Amino acid sequence: MQLSLSVVVLLAVVLVILIRSGHLKWPAAVVAVLFGFFLASTTVAPEIRQGLEGVTSSVSKINP
């Protein structure tokens, strides 16, 4: 739960930055948010979550 909340906050910040910088217009942002919302309710959502968890666990094991 803690990881998914962090990812949501990070993606929200990126979305706001893209909108404010002019790289992403409001209609496209709304479509992106709706796409994510509906994608979360599909059967693909668990695989996406597992993939993200795998990437984050691999990144967390890297020692600089």
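1. Let's start with the yardstick: a residue counts as exposed when its relative accessible area is over 50%, and as buried when that value is under 20%, with partly exposed in between. Phe 37 comes out at 58%, so Phe 37 is exposed. Keep in mind that this is a predicted model, so every value below is computed from predicted coordinates.

2. Now the overall layout. The protein chain has 3 helices and 0 strands, and reading from the N terminus the order is simply α-α-α. The helices that come up in this note are H1 at residues 2-21, H2 at residues 26-39 and H3 at residues 45-60.

3. How does the chain's radius of gyration sit against that of a compact globule? For 64 residues, a compact globule would be near 11 Å, but the protein chain has 14 Å. Along the principal axes, the C-alpha atoms fill a box of roughly 40 × 35 × 15 Å.

4. On burial, have a look at the totals. Buried residues make up 6% of the 64 residues in the protein chain. The chain exposes about 5600 Å², and carbon and sulfur atoms supply 74% of that area.

5. One residue that does get covered is Ile 19, which lies in helix H1. Its relative accessible area is 14%, and because the buried class means under 20%, Ile 19 counts as buried. Which residues does Ile 19 touch, leaving aside those up to four places away in sequence? The contacts are Leu 24, Trp 26 and Ala 29. For Ala 29, the C-alpha to C-alpha distance from Ile 19 is 7.5 Å, with their positions 10 residues apart in sequence.

6. Back to Phe 37, which is found in helix H2. Together with Val 30, Leu 34 and Phe 38, Phe 37 makes a nonpolar surface patch of about 420 Å². Phe 38 is exposed as well, since its relative accessible area is 51%.

7. The structure holds 1 aromatic pair. Phe 37 and Phe 38 form it: their ring centres are 5.3 Å apart and their planes sit at 75°, so the pair is edge-to-face. The cut-off behind that label is planes over 60 degrees apart. Both partners also belong to the nonpolar patch from the previous point.

8. Helix H2 has another exposed residue worth a glance, Pro 27. At 60% relative accessibility, Pro 27 counts as exposed. How far apart in space are Pro 27 and Glu 53? From C-alpha to C-alpha they are 30 Å apart, and in sequence 26 residues apart.

9. Finally, helix H3 holds Leu 52. Is Leu 52 buried, exposed or partly exposed? With a relative accessible area of 44%, Leu 52 falls in the partly exposed class, because that class lies between the 20% and 50% limits. Leu 52 and Val 7 are 45 residues apart in sequence, yet their C-alpha atoms are 9.4 Å apart in space.

Technical notes:
Residues numbered from 1 in each chain as written. Predicted model: local features only at pLDDT ≥ 70, side-chain atom pairs only at ≥ 80, totals over all residues. Heavy atoms only, no water. Helix = DSSP H or I, 4+ residues; strand = E, 2+ residues; numbered from the N terminus. Buried < 20%, exposed > 50% of the residue type's maximum accessible area, 1.4 Å probe, protein only. Contact = heavy atoms within 4.5 Å. Patch = residues over 30% accessible without salt bridge, like charges linked within 9 Å, V, L, I, M, F, W, Y side chains within 5 Å. Areas by Shrake-Rupley, 256 points an atom, 1.4 Å probe, with all protein chains shown as cover. Salt bridge = Lys/Arg side-chain N within 4 Å of Asp/Glu carboxyl O. Phe/Tyr/Trp six-rings, centres within 6.5 Å; stacked < 30°, edge-to-face > 60°. Rg over C-alpha atoms; globule rule 2.2 N^0.38 Å.
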